[in-house]
Each structure stands twice: as C-alpha cells, then as structure tokens.
Amino acid sequence: MAESFGTSFTIVEVTSDDGPQPTKQMWLALAKPSQALTLVLAAVPEGWTAEVVPAVLTEKQQRMFEELNLEPGDVYRIAPK
C-alpha cells in the first residue's frame with residue numbers, strides 16, 4: 001500500500017554547493033516533513049542540501065499556499081521578496 005503524503009505544508013530550505021557564496025532557496029511541499037526533503041531534493045540540482053524549516057504557518061500564509069492548488073507530493077519554489 002502506498003504511503004500518504006499528508007495534507008500539510010512543509011517548508012524546506014535548500015542550499016547550493018557553490019563555493020564561497022552558496023545560494024539559498026525556500027521551497028514549499030505538500031507532504032510530510034520526511035517526504036518533503038526527498039521531493040525537494042529531487043527538484044533541485046544534484047549536490048544541494050535541504051533541511052526542513054520548523055515553521056508554524058499563519059492563517060494568511062495557509063490560505064495563500066492553498067491558492068497554489070498543489071496536489072499531495074507537489075513542490076513549489078517560493079520566490080524571494
């Protein structure tokens with residue numbers, strides 16, 4: 001039986017393996033934290049690292065992310081401000 005991705009959002013920070021100034025990106029995954037890491041790492045270049053950001057989403061953030069219409073298992077790069 002396949003494992004469920006869950007219905008909650010997980011925020012993941014990824015870091016490039018580029019020399020002295022590594023690039024950092026924030027990603028959103030509609031998946032459990034352990035699955036979110038794997039899903040995001042599959043979407044970024046090989047060699048990048050990822051970690052779950054322990055964050056509690058506000059009601060406004062939750063609604064905004066729901067408007068992205070992500071399906072369980074989807075990931076989305078959050079554009080920098």
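Lys 24 is exposed, with a relative accessible area of 54%, which places this residue above the 50% mark over which a residue counts as exposed. The model described here is a predicted one, and the points below begin with the salt bridge that Lys 24 forms with Glu 13, before turning to the sheet, to a second salt bridge and to a loop residue.

**Salt bridge between two strands**

- A search through the whole structure finds 2 salt bridges, and in one of them the side chains of Lys 24 and Glu 13 meet, with 4.0 Å from N to O.
- This pair links distant parts of the chain, since Lys 24 belongs to strand 2 while Glu 13 belongs to strand 1, which covers residues 9-15, and the two are 11 residues apart.
- As a general point, side chains of opposite charge can pair when their charged atoms come close.

**The sheet**

- An open sheet is formed by 4 strands, which follow one another in the order 3-1-2-4 with antiparallel pairing.
- Strand 3 (49-52) and strand 4 (75-78) each have a single partner strand because they stand at the edges, so one side of each is left without a neighbour in the sheet.
- Neighbouring strands of this sheet are turned against each other by 30° on average, if direction is ignored.
- Strand 2, made of residues 24-30, runs antiparallel to strand 4, and the two are joined by 4 bridges.
- Which residue of strand 4 is the bridge partner of Trp 27? The partner is Arg 77.

**Salt bridge within a helix**

- The side chains of Glu 59 and Arg 63 also meet in a salt bridge, with 3.4 Å from N to O.
- Both residues lie in helix 2, which covers residues 59-66, and because they are 4 residues apart there, about one helical turn separates Glu 59 from Arg 63.
- Glu 59 is exposed, with a relative accessible area of 63%, whereas Arg 63 is partly exposed, with a relative accessible area of 43%.

**A loop residue with a positive phi**

- Most residues other than glycine have a negative phi.
- Asn 69, although not a glycine, has a positive phi of about 55°.
- Where along the chain does Asn 69 lie? This residue is found in the loop between helix 2 and strand 4.
- Asn 69 is exposed, with a relative accessible area of 61%.

Notes
Residues are numbered from 1 along each chain as its sequence is written. This is a predicted model: local features need pLDDT of at least 70, side-chain atom pairs count only at pLDDT 80 or more; totals for chains, interfaces and linings use all residues. Side-chain values use heavy atoms; hydrogens and water are left out. Two strands pair if DSSP finds at least two bridges between them. Axes are lines fitted to C-alpha atoms, for helices over the stretch in contact, and angles run from 0 to 180 degrees between N-to-C directions. Buried means under 20% relative accessible area, exposed over 50%, partly exposed in between (1.4 Å probe, protein chains only).
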